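These are my notebook entries on what I looked up in this structure. I wrote down each term beside the entry where I needed it.

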Amino acid sequence: MKAFGKNVGFGWRVLLTLVALPAILLPATACFQGAERSLVLTTTTSTYDSGLLDHIIPPFEEEHNAHVRVISVGTGQALAIAARGDADVVLVHAPSLELQFVEDGNGVRRTYVMYNDFVVLGPSDDPAQASGLSNGAEAFRRIAESGAKFASRGDESGTHVKEKEMWSEAGVESVESQDWYLSLGQGMGGTLTTANELGAYTLTDRGTFLARKELNLVIVAEGDERLFNPYHVIMVNPDKYIQVQSELAGVFIRFLISPDTQQRIADFRRDEFGLSLFNPVHLEETP
Amino acid sequence: MEEIASGIWQALKLIGSLDPEVRRIALFSLQVSGLALLLAAGVAIPYGIWLAFSRFPGRRVLIGLTYSGMAFPTVVVGLIVFLLLSQQGPFGILGWLFTPWAIIVAQFIIAFPVIASLTMSAILAINPGMRLQLRSLGATRTQATLALLGEARVSMVIALAAAFGRVVTEVGAVIIVGGNIAGNTRVLTTAIVLETRKGEFAAAIALGLILLLISFTINIIATRLQGRALAR
């Protein structure tokens, strides 16, 4: 009985060290100290997972002694969170959803920041014979006709919204019910991984694709103006939600379109890939 | 296979070099889950004891509900906590959504039924005659209760270990209510999700190994204690 009591004592001590001690120290750590101002930014996986935001935000945080809390989800979820007043500013890429968001009175000061483009990816053996096309809708039509697998984000993200537009441009109806159509409900990264494993076609923004060097997928169609991918920043309407950090959010929007930041966007991983993953729109073109 | 091997090798290098970000995330996971566990234990253990000892109409229903709480899908807990803490929800005024507090609330709710049920069943499992025996030997009501609790304490440590293992490995709820914000609400599990999504498998494996280490350690302690208790 005595020895047994001792062992319990040991267990308690280990549990205490592992659990209680760090827990007690927790409130002292930085994340609980709300002294500095903070801004909640909901954004798409493409801007965050590629590393772009980590590349451009630090100067803002230093200059304004503010912390930008980035929540990277699909465009649909990013706007949904913001529409509940749970974010201060959004950076997304689905113009139709954005306009609806503004029209519903949820957002103000929608500002164009940068663009890149979508590309259609597929396995290198290209069973749908869609490669080399510059007509995106034609590529989608051939994929549908061939019955080759297509991996969709399926998450109301900007990419998913664009994909649905392309199916309708291609005149393909009710893709969701086709057995070759895989609605994954995942982020861009997860969708690329899945498409890669299954040898499926998919639609992605060029930036996320370039950042993933290990993929076996190749670009089958690109350059269609309908595959254009603009990113806008929108402030959550402070008249609707009083807790919105409107002043700081306004500063953040100006920061994103400032020449310095725009240059940083243009330079982001350009040496690595030989081209910009995201193209700024407020930068004077060099003649 | 090569990918896994090189991933593990790079992961070990990351851990070996004590990468500050990896270390910070691991420590933060322990802190958040530890605090959630302490708070949950503070309420769930007394509740479990009360449920075991008390006699009142509806007690069976309450016991049933407490047990079923262990089967409550954690991702639904996440959804409910999100809606409650959202600016549109009843507790939006607290401003806890997408902060560590939101994670603690979700993990508290997940840990509570585990600790309460295991505490209760530990006490109920002790020979029901024991309390009566102690009373007849002249122990007061309080003394008899304390003696029973003494008997059940190993099981309570095991209950805490089980609950900790559950919350520290939780993903769905934590990513919904915490938002996986770098340096703020990113814990081991959500960091693994992010690194996998980014295709950074070495970093994901490194974080995964640390998480395994934590949950194994907790489990080994629990199993050892259980072994001693049974061998008694």
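I began with contacts: two residues are in contact if their C-beta atoms, placed from the backbone, lie within 7 Å. I noted that this is a predicted model, in which local features need pLDDT of at least 70 and side-chain atom pairs count only at pLDDT 80 or more, while totals for chains, interfaces and linings use all residues. Residues are numbered from 1 along each chain as its sequence is written, and chains are lettered from A and ligands numbered from 1 in the order in which they are written.

**Entry 1: contacts along the chains.** In chain B, I found that 76% of the contacts with a separation of 6 or more are between residues 24 or more positions apart. For chain A, I noted that 75% of the contacts between residues at least 6 apart in sequence join residues at least 24 apart.

**Entry 2: helices and strands.** I took these as DSSP runs, numbered from the N terminus, with helices being H or I of at least four residues and strands E of at least two. Chain B has 10 helices and 0 strands, whereas chain A has 13 helices and 10 strands. I also checked helix α1 (residues 2-16) of chain B, whose 15 residues should span 21 Å at 1.5 Å a residue, and its end C-alpha atoms are indeed 21 Å apart; the expected span is 1.5 Å times one less than the number of residues. Just after α1(B), L18(B) takes a positive phi of about 50°.

**Entry 3: burial and two loops.** I called a residue buried if 20 or more other C-beta atoms lie within 10 Å of its own, exposed if 12 or fewer, and partly exposed in between. Is N180(B) buried or exposed? N180(B) is buried, because 23 other C-beta atoms lie within 10 Å; N180(B) sits in the loop between α8 (172-178) and α9 (188-198) of chain B, and has a positive phi of about 55° although it is not a glycine. D126(A), in the loop between β4 (107-122) and α7 (136-146) of chain A, also has a positive phi, near 45°, but D126(A) is partly exposed, because 17 other C-beta atoms lie within 10 Å.

**Entry 4: the core.** A nonpolar core is a set of buried Ala, Val, Leu, Ile, Met, Phe, Trp, Tyr and Cys residues joined through C-beta atoms within 7 Å. The largest has 151 residues, and I115(B) is among those that touch the most other members. Helix α5 (residues 100-125) of chain B gives the largest share of this core, 18 residues. Leaving aside neighbours within four places in sequence, I found I115(B) in contact with residues including A40(B), I45(B) and L160(B).
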